[in-house]
Amino acid sequence: MNNKVSFNNWLTDLNAEQPFVIAGPCSAETPEQVLEIAHAIKGNVSVFRAGIWKPRTRPGGFEGVGAIGLKWLQQVKKETGMLLAIEVATAEHVRLALEYDIDVLWIGARTTVNPFAVQEIADALQNTHKVVLIKNPVNPDLSLWIGGVERLQNAGIKKLGLVHRGFSTYEKTNYRNVPEWQIAIDIKEKFPHIPLICDPSHITGNRSKVEEVAQQALDLHFDGLMIETHNHPDEAWSDAAQQVTPEQLLDIMGRLQIRDVNQTDHEFNIKLETYRERIDKLDTSMLKILGERMLIVDEIGHIKREQNALVLQIERWREVLNKMKTEGRQFRLGEDFVTSLYKAIHQESIDRQDKIINKNKF
């Protein structure tokens, strides 16, 4: 992954292992806990993380030990030599993090959604030489994530990183936070020189799936991983289900595969290009078919306009979706994929018919 690391060379400067890994407990709970975990993973990960302040969705939950935990982390650095990372959500958090010489500061997903909060943090970090990471916003809003990066850049912060932790959804899925990999790819295209790190713990919400998502991220050319690690995860004070033990972390790291970025095998490249040409032709055919489908949608829109009928025919929509999910299985297409695809098609159909039915009204 070193070929992508060029933004101020901060990953290179850290002499990071491959892959670059930030690991540690979701929350610092006691001085003994953080020290035990740190000693168990030192030498195998690049940065030790621990939550000091924990923004909770609802009041009454454990909200972190607060500033006293920073003293515990100082002891971690003293005993292990590890670099330290914490989440900051306010200017006061930043002030304390700098006072206690925290090496890596990250802005959490709940904070990224608030431009005022991000600007406050950016102002507090003006021209810092610390590494600053920004997680994607809770909801799949690429512009908010981009805006957060731009605010940090405008504050003169050079050592920037992106953390992909997935996105909330009202639908039931196999993930705690749906990956929406394309959004991560989109922001990497926008900022190609900023390292991109995946947080499989928050994406999965389930320790048994962390390795699978971590490998997916590496296969998509992510620069590193942030994995929550606890010495007794089932007894953790927050996010127990998604944390792995130090032993499990090292096992996962030992099995992860770093793919070859620059393939030079001539036969491989010829085969790859042949398949890509076939895909390009099929993509063109798909667009042609979708275009023809939308012309029929337009005709239906004109009929609905004449009859003063509703745009949304909910029973018809349910019928189409269920039929396509069933047929999709015959072609080995995942149900989530078929659902997302047909929701996009349906939305385009609704938009087109709405314009036809309400033409010249607004």
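This is a guided tour of a predicted model, going from one selection to the next.

**Helix α4 and its salt bridges**

Begin by selecting residues 91–99, which make up helix α4, and show the side chains of Glu92, Arg95 and Glu99. Glu92 and Arg95 meet in a salt bridge, with a distance of 2.6 Å from N to O, and the two residues lie three places apart in the helix, which is about one turn. Arg95 also forms a salt bridge with Glu99, where the closest N and O atoms are 3.1 Å apart; here the separation along helix α4 is four residues, again about one turn. An α-helix has 3.6 residues a turn, so residues three or four places apart point the same way. If you colour by accessibility, Glu92 counts as partly exposed at 40% relative accessibility, Arg95 is partly exposed with 43%, and Glu99 is partly exposed with 49%.

Now stay in helix α4 and select Ala97. Is Ala97 buried or exposed? Its relative accessible area is 0%, so Ala97 is buried. To see what surrounds Ala97, leave aside the neighbours within four places in sequence and show Ile86, Val88, Ile102 and Leu105, with which Ala97 is in contact. You can also draw a distance from Ala97 to Ala85, which is twelve residues away in sequence, and the C-alpha atoms will be 9.2 Å apart.

**The loop after α4, and a second loop**

Move on to Asp101, which sits in the loop between α4 and β4. Asp101 has a positive phi of about 55 degrees, although it is not a glycine. Most residues other than glycine have a negative phi. With a relative accessibility of 38%, Asp101 counts as partly exposed. Add Lys77, Asp103 and Lys130 to the selection, and you have the residues that are linked with Asp101 in a network of salt bridges.

Next, go to the loop between β8 (224–228) and α11 (246–255), where Asp239 is found. Asp239, which is not a glycine either, has a positive phi of about 50 degrees. Where Asp101 was partly exposed, Asp239 counts as buried, because its relative accessibility is 16% and the cut-off for buried is under 20%.

**Helix α7 and its surroundings**

Select residues 142–154, the 13 residues of helix α7. How far apart are the end C-alpha atoms of helix α7? They are 18 Å apart, and this agrees with the 18 Å that the helix should span at 1.5 Å a residue. Within α7, show Trp145, Ile146, Gly147, Gly148, Val149 and Leu152, which are buried. The buried residues of α7 pack against several other elements, and it helps to colour these one by one: the strands β4 (104–107), β5 (131–135) and β6 (160–164), and the helices α5 (109–112), α6 (115–124) and α8 (181–190). Following the chain past the helix brings you to Gly156, whose phi is positive, near 80 degrees.

**Two cysteines**

Now select Cys26 and Cys198 together. How many disulfides does a search of the whole structure find? The search finds zero. Cys26 is in no disulfide, and the nearest cysteine sulfur, that of Cys198, is 16 Å away. Cys198, likewise, is in no disulfide. Cys26 counts as buried at 0% relative accessibility, and Cys198 is buried as well, with a relative accessible area of 0%.

**Helix α14 and a nonpolar patch**

For the last stop, select residues 335–357, which form helix α14. Show Glu348 and Arg352, which form a salt bridge with the closest N and O atoms 3.7 Å apart. Because they are four residues apart in helix α14, about one helical turn separates them. Glu348 is partly exposed, with a relative accessible area of 37%, and Arg352 is partly exposed too, with 25%. These are among the 21 salt-bridge results that a search of the whole structure finds.

Finally, display the surface and pick out Phe331, Leu333, Phe337 and Leu341, which form a nonpolar patch there, with about 410 Å² of accessible area together. Leu341, which belongs to helix α14, counts as partly exposed at 37% relative accessibility.

Methods:
Residues are numbered from 1 along each chain as its sequence is written. This is a predicted model: local features need pLDDT of at least 70, side-chain atom pairs count only at pLDDT 80 or more; totals for chains, interfaces and linings use all residues. Side-chain values use heavy atoms; hydrogens and water are left out. A disulfide is a pair of cysteine sulfur atoms within 2.5 Å. Buried means under 20% relative accessible area, exposed over 50%, partly exposed in between (1.4 Å probe, protein chains only). The expected span of a helix is 1.5 Å times one less than its number of residues. Contact means heavy atoms within 4.5 Å. Patches are made of residues with over 30% relative accessible area and no salt bridge: like charges are joined within 9 Å, nonpolar side chains (Val, Leu, Ile, Met, Phe, Trp, Tyr) within 5 Å. Accessible areas come from the Shrake-Rupley method with a 1.4 Å probe; for residues, only the protein chains shown count as cover. A salt bridge is a side-chain nitrogen of Lys or Arg within 4 Å of a carboxyl oxygen of Asp or Glu.
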